[in-house]
Amino acid sequence: MQGENASAATSEKKRQWTADELCRYCKGRGEQVCSFCEGTGLFVFDDSNMVEQAHECPNCLGDGTVKCPACIGLGLADINGILRDGE
Ligand SMILES: [Zn+2]
Ligand SMILES: [Zn+2]
């Protein structure tokens with residue numbers, strides 16, 4: 001008896017991150033609302049004539065969001081495990 005076992009091993013595992021694995025500071029988004037401009041992207045100040053001047057926020061460069069410092073933008077809680085590439 002001859003059994004044919006031609007199984008193409010093309011099962012690529014796609015990892016689904018659980019809530020535990022996501023960065024809790026940015027909830028997995030990899031970015032946070034800029035604390036400097038609170039998401040407006042603008043840095044407003046009064047000049048010497050008390051005139052309001054709006055400038056691009058120097059912290060987020062006008063984006064209103066900054067890369068999450070906790071996960072360096074990866075959105076994952078355990079970035080060390082990822083960076084270590086332990087498999
Ligand atoms: Zn900002
Ligand atoms: Zn994060």
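In β3 of this predicted model, Glu-52 is the bridge partner of Asp-46. The two strands concerned, β2 and β3, run antiparallel and are joined by five bridges, and together they form a hairpin with five residues between them. β2 spans residues 42–46 and β3 spans residues 52–56, with Met-50 placed in the loop that separates them. Phi of Met-50 is near 60°, a positive value in a residue other than glycine, and this residue sits in the turn of the hairpin. Most residues other than glycine have a negative phi. Met-50 counts as exposed because 6 C-beta neighbours lie inside 10 Å, where exposure is assigned at 12 or fewer. The adjoining strand β3 is likewise hardly covered, since the count of buried residues among its five residues is zero.

At the level of the whole protein chain, the secondary structure comes to one helix and four strands, and the order of these elements from the N terminus is β-β-β-β-α. Of the 87 residues of the protein chain, 15% count as buried. Among the contacts between residues at least 6 apart in sequence, 55% join residues at least 24 apart. The mean pLDDT of the protein chain is 83, with 79% of its residues reaching 70 or more. Confidence differs between the elements, the highest mean pLDDT being that of β4, at 96, and the lowest that of α1, at 69. Where pLDDT is low, the predicted coordinates should not be read in detail.

Two separate nonpolar cores may be described. The largest consists of six residues, namely Cys-23, Cys-26, Cys-68, Cys-71, Leu-76 and Ala-77. A second core, separate from the largest and made up of five residues, includes Cys-34, Cys-37, Cys-57 and Cys-60. In soluble globular proteins, nonpolar side chains tend to be buried together.

The loop between β4 (65–67) and α1 (79–84) contains Gly-75, and Pro-69 and Ile-72 are also placed between these two elements. These three loop residues fall into separate classes of burial. Gly-75 is buried because 20 other C-beta atoms lie within 10 Å, a count that meets the cut-off of 20 or more for burial. Ile-72, by contrast, has 13 C-beta neighbours inside 10 Å and therefore counts as partly exposed, whereas Pro-69, with 10 such neighbours, counts as exposed. Ile-72 is further marked by its backbone, for its phi is near 45°, a positive value in a residue other than glycine.

Residues of this loop can also be related to positions much earlier in the chain. Leaving aside residues up to four places away in sequence, Gly-75 touches Leu-22, Cys-23, Cys-26, Gly-28, Arg-29 and Gly-30; of these, Cys-23 and Cys-26 belong to the largest nonpolar core. The C-alpha atoms of Gly-75 and Gly-28 are 3.8 Å apart in space, although the two residues are 47 residues apart in sequence. For Pro-69 and Cys-26, which are 43 residues apart along the chain, the separation of the C-alpha atoms is 9.2 Å.

Terms used. Residues numbered from 1 in each chain as written. Chains lettered and ligands numbered in written order. Predicted model: local features only at pLDDT ≥ 70, side-chain atom pairs only at ≥ 80, totals over all residues. Core = buried A, V, L, I, M, F, W, Y, C linked by C-beta atoms within 7 Å. Contact = placed C-beta atoms within 7 Å. pLDDT = per-residue confidence, 0-100. Pairing = 2+ DSSP bridges.
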